[in-house]
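This report covers strand pairing, salt bridges, cysteines, internal spaces and backbone geometry in turn. The sequence and structure are shown first.

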Amino acid sequence: MTSTVATTTANGIGTSPVRPDGTLKVTGEFAFSSDLWADRMLWGATLRSPHPRARITGIDLTEAVAMPGVYAVLTAEDVPGVKHYGLEHRDQPVLAMGQVRYAGEPVAIVAADHPETARRAAARIAVAYEVLTPVVDAEAALDPAAERVHDAGNLLRHVPIRKGPQDATAAVVVTGDYEVGMQDQAFLGPESGLAIPAEDGGVDLFVATQWLHADLGQVAGCLGLPKEKVRLSLAGVGGAFGGREDVSMQVHACMLALHTGRPVKMVYSREESFFGHVHRHPAKLRYEHGADADGRLVYVKARIVLDGGAYASTSMAVVANATTLGIGPYRVPSVSMDGYAVYTNNPPCGAMRGFGAVQACFAYESQMDRLAEALGLDPVEVRVRNALEPGDTMPTGQVVPAPAPVADLLRRVRDRPLPAEPAPGEADPRQLPGGVANTTRGEGVRRGVGYGIGIKNVGFSEGFDDYSTARVRLEVVGGEPAAVVHTAAAEVGQGLVTVQAQIARTELGVDQVTVATADTSVGSAGSSSASRQTYVTGGAVKAACEAVRAEVLRRAGLAEGRLAGGKLLTVAGDVVADLVTVLGDEPVERTVEWRHRPTFPIDPRTGQGEAHVQYAFAAHRATVDVDVELGLVRVVEIATAQDVGKALHPQSVRGQIAGGTAQGLGLAVMEEIQVVDGLIRNPSFTDYLIPTILDVPPMKIDVLELGDPEAPYGLRGIGEPPTISSTPAIVAAIRAATGLALRRVPVRPEHLTGT
């Protein structure tokens, strides 16, 4: 077996090179999917249902077809292949068939020579509806007597977790009912893409997505084409956060392109984007925590109900995460938990950063604060006493591997100096709740401090074949050694393109590295979700580079060695040959599929099993000022600590932690899609509020690099944990300032003033 040793080079792992897309994005020169253009291009538009539940009794296309400039008007009858798609369960129609199940469901599509013409033509399609009463309450939908959203019933998945004795009793018991609102991913780039018909009867699709090969399978099936005739390339992605895992306009654009024989571009408006992608599941959670007199947990009982909306998306995986991670990073001998994902006629819900763990964390961390209060303990101390350690078991029975620095993370955020409080009457009005609105001079403003810690799985779970493919070529270009890395991994803003190049520089010892555009001509890389891409695609790139390096060493007659600075070196560091000389005119190329260790499905009766491959932890301390008279909140500072295993790009790591924390802040105090009787009431960035630079406070970030011995370079997924524990920390701080129970997020002014 060939032994090789990698060496870090300039701009390799552990450094923070400039992102290749960074300057272009900052200056506005980067080409996003909405900027695509082609000769003879048509524009696509979608007609959507105004009703959350109705039967379609007729569709009249006459006026739309007759409009000048209209080239196609298509309905469900025109879908050439299978009529349904879906990530986990193919239950969603390409275009509504006989009925609509949510307000905003696509009913028909149009192609025209101008975007406004396409929109006007769509508006002229006459659809006759028999309006039905929608099923909008997830709890009520579980009643066997409830109206059925789908013929098979309203229950998507029930996940029971049973660990330890089920008759445990405790000296101190706290219970609570909690609610989490529907959050939107709020990416800035709306759904968009360009479909171009090909000479072979197939189609080329350039699209902003998170998972090229999942799109490929669904699109090809719906078009009735073999996969080799459907080619997908990643276009510039303007953010994702889970909202681009599902198909949106992909099939529609391809249908219109194939029907008209011309390129078709589709770009959603901001309002349409709210209907065009899934959202974070609203949740209702009931928890009961029992502890002994010293504050050590004895049991946890919980019931979690997630509103999945009209179609499945990833709800079955989300509810598994909510339950398997549902007690938090704590040692609990007895667990009885039930999670339900439910169909309703509300907007479909699916993946969003945190993926089920967010909803559960708000509830279990709120419970830990209640437990601390009942016991008269410091909120950090009660968490430390129950903190998971290596060798402990999760609710699934899975043993927690080292490292698991739960107590350390908590102590680190607790021990940071608190921000100074202004002297009475000396506060800058811009630094008070309400900010530049100048609504207060400090009267009624109270400060509070709160804590939160969360746990998240990394990668796909429950036996999913979670792998990535990487192709690496090493060759001579312009007299210098150069590498090309090609994967199908979606760069959605997280910096993956930079990391792939860093790995190649480190493993191959060359400075010149090109990362090819992600497309489906190389094997699948899986989804850019679940905090997995750096782990899995990074592992694949590393393995492919190792294979290339081994071949280069073999050519030079070395059994072991390393590459650095364009040279071949022995393990001792002696130069053996020049890389350009060894390569000559014969590039070395290797394609590798890389997998992490396997996971396994959980037992459907008890929830026991080795469900997850890696766990990640983050802790937050939030300091807030609350105007208790006006109900206004200002987050003064957030301190956070997170183990990242290995910071491959330290600057990006800190950026991910800050960005994830900001999304958690949004859920805590402002972000919610308002759904009333199945209808979205605020589908715009005027009425759906997200944190701005004025809302995001200074952040004190403590990055630990403890190293996972099973992961490439010891790295640990980092993207999701900051979003999970920041929300409960902020709400805990608001509770500390106000003394209010606050069992629902987002916290609104009326929750603080009683109005």
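## Strand pairing

In this predicted model, the strands β7, β3 and β9 form an open sheet of three strands, in the order β7-β3-β9 and with antiparallel pairing. The edges are taken by β7 (99–100) and β9 (126–131), each of which pairs on one side only. Strand β3 (residues 54–60) runs antiparallel to β7, and two bridges join them. Across this pairing, Ala54 stands opposite Val100 in β7.

## Salt bridges

Side chains of opposite charge can pair when their charged atoms come close. Over the whole structure, a search finds 43 salt bridges. Three of these pairs are set out below.

| Pair | Closest N to O distance |
|---|---|
| Glu365 and Arg383 | 2.8 Å |
| Arg414 and Asp415 | 2.9 Å |
| Arg597 and Glu710 | 3.0 Å |

The side chains of Glu365 and Arg383 meet in a salt bridge. Because Glu365 belongs to helix α9 (residues 357–375) and Arg383 to helix α10 (residues 379–385), this pair ties together parts that are 18 residues apart in sequence. Glu365 and Arg383 are both buried.

The salt bridge between Arg414 and Asp415 has another setting. Arg414 is partly exposed, at a relative accessible area of 30%, while Asp415 counts as exposed at 52% relative accessibility.

For Arg597 and Glu710, the salt bridge links distant parts of the chain, 113 residues apart. Arg597 sits in the loop between β26 (588–595) and β27 (614–627), and Glu710 in the loop between β31 (699–704) and α16 (721–738). Arg597 counts as partly exposed, with 28% relative accessibility. Elsewhere, Arg19, Asp21, Lys25 and Glu491 are joined into one network by salt bridges that share partners.

## Cysteines

A disulfide is a covalent bond between the sulfur atoms of two cysteines. With a cut-off of 2.5 Å between sulfur atoms, the count of disulfides comes to zero. Why is Cys222 not bonded to Cys254? The sulfur of Cys254 is the closest cysteine sulfur to that of Cys222, but the two are 10 Å apart, which is too far for a bond. Cys222 is buried, at 0% relative accessibility. Cys349 is likewise in no disulfide, and the nearest cysteine sulfur, in Cys361, lies 19 Å away. Cys349 is also buried, with a relative accessible area of 0%.

## Cavities and a pocket

The structure holds three cavities of 30 Å³ or more. The largest cavity contains about 220 Å³ of space. Its lining comprises 22 residues, and those closest to the centre are Tyr85, Val247, Ser248, Gly276 and His277. Helices α6 (250–260) and α7 (270–276) are the elements that give two or more residues to this lining. By class, the lining of the largest cavity divides into nine nonpolar, nine polar and four charged residues.

The second largest pocket has a volume of about 730 Å³. It is lined by 32 residues, with Val633, Arg634, Met670, Leu694 and Asp695 nearest its centre. At least two lining residues of this pocket come from each of β28 (632–643), α15 (650–669) and α17 (749–753). The largest share, four residues, is supplied by β28. The lining of the second largest pocket has 20 nonpolar, six polar and six charged residues.

## Backbone geometry

Which peptide bonds preceding Pro403 and Pro746 are cis? The bond that joins Ala402 and Pro403 is cis, with omega about -5°, and so is the bond from Val745 to Pro746, where omega is near 0°. Pro403 is placed in the loop between α10 and α11 (406–415). Pro746 lies in the loop between β32 (744–745) and α17.

Positive phi values in residues other than glycine occur at Phe355, near 50°, and at Ala530, near 60°. Phe355 is found in the loop between β18 (334–343) and α9, and counts as buried at 16% relative accessibility. Ala530 is found in the loop between β22 (512–515) and α13 (533–555), and counts as buried at 15% relative accessibility.

Technical notes: Residues are numbered from 1 along each chain as its sequence is written. This is a predicted model: local features need pLDDT of at least 70, side-chain atom pairs count only at pLDDT 80 or more; totals for chains, interfaces and linings use all residues. Side-chain values use heavy atoms; hydrogens and water are left out. A salt bridge is a side-chain nitrogen of Lys or Arg within 4 Å of a carboxyl oxygen of Asp or Glu. Buried means under 20% relative accessible area, exposed over 50%, partly exposed in between (1.4 Å probe, protein chains only). On a 1 Å grid over the protein atoms alone, a cavity is a set of points where a 1.4 Å probe fits but cannot get out, and a pocket is an open set with protein on both sides within 12 Å along at least five of seven lines; lining residues have an atom within 4 Å of a point. Grid points are joined across faces, edges and corners, and a volume is the space filled by probe spheres set on the points. Ala, Val, Leu, Ile, Met, Phe, Trp, Tyr, Cys and Pro count as nonpolar, Asp, Glu, Lys and Arg as charged, and the others, Gly among them, as polar. Two strands pair if DSSP finds at least two bridges between them.
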